[in-house]
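Colleague: I should like to understand how the terms applied to a structure are justified. May we go through them one at a time?

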Amino acid sequence: MKGECQTRENNTVKMTVDFEECVKDSPRFRATIEEVETDVVEIEAKLDKLVKLCSGMIDAGRSYNTANKYFVNGIRDLSQQCRKDEMVSECLQKFGESLQEMINYHMVSCWLPSPPDCCCLYIYL
């Protein structure tokens with residue numbers, strides 16, 4: 001049997017399907033598949049965006065860590081330069097050590113396991 005059937009939604013023609021295809025899959029089924037495919041495309045686009053944002057965040061973190069390291073080294077250099085003034089040199093040295101301790105703590109705390117009640121998102125690509 002040849003012919004065409006049309007699906008109607010709110011009195012508008014949505015798509016034209018060969019009649020033999022209508023026997024295999026209902027128009028409602030095809031519409032549902034089309035909706036799901038659209039959702040999958042949107043989810044893929046959002047996941048791609050999320051991966052790019054995550055990469056940017058990782059790069060920014062690396063830059064931040066490098067800048068911190070250079071800053072601490074600059075403080076140490078200044079402390080060495082000011083050796084003649086013991087008070088300034090000692091204050092700069094203590095400040096550099098304290099800052100280095102904070103950076104070390106931050107680096108260690110970033111790699112500790114998450115608490116069990118923490119919600120985590122894992123994306124396997």
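Modeller: Let us begin with a cysteine: Cys 54 has a relative accessible area of 35%. This is a predicted model, in which local features need pLDDT of at least 70 and side-chain atom pairs count only at pLDDT 80 or more, while totals for chains, interfaces and linings use all residues. Residues are numbered from 1 along each chain as its sequence is written, and side-chain values use heavy atoms, with hydrogens and water left out.

Colleague: Why is Cys 54 called partly exposed?

Modeller: Buried means under 20% relative accessible area, exposed means over 50%, and partly exposed lies in between, with a 1.4 Å probe and protein chains only. Cys 54 has 35%, so it is partly exposed.

Colleague: What makes Cys 91 partly exposed?

Modeller: Its relative accessible area is 48%, so Cys 91 also falls in between the two limits.

Colleague: How many disulfides does the structure hold?

Modeller: It holds zero disulfides, a disulfide being a pair of cysteine sulfur atoms within 2.5 Å.

Colleague: Which residues form the largest nonpolar core?

Modeller: They are Val 72, Ile 75, Leu 92, Leu 99 and Ile 103. A nonpolar core is a set of buried Ala, Val, Leu, Ile, Met, Phe, Trp, Tyr and Cys residues joined through side-chain atoms within 4.5 Å. Helices H2 (27–81) and H3 (86–111) each supply at least two of these residues; helices here are DSSP runs of H or I with at least four residues, numbered from the N terminus.

Notes. Helices (H or I, at least four residues) and strands (E, at least two) are DSSP runs, numbered from the N terminus.
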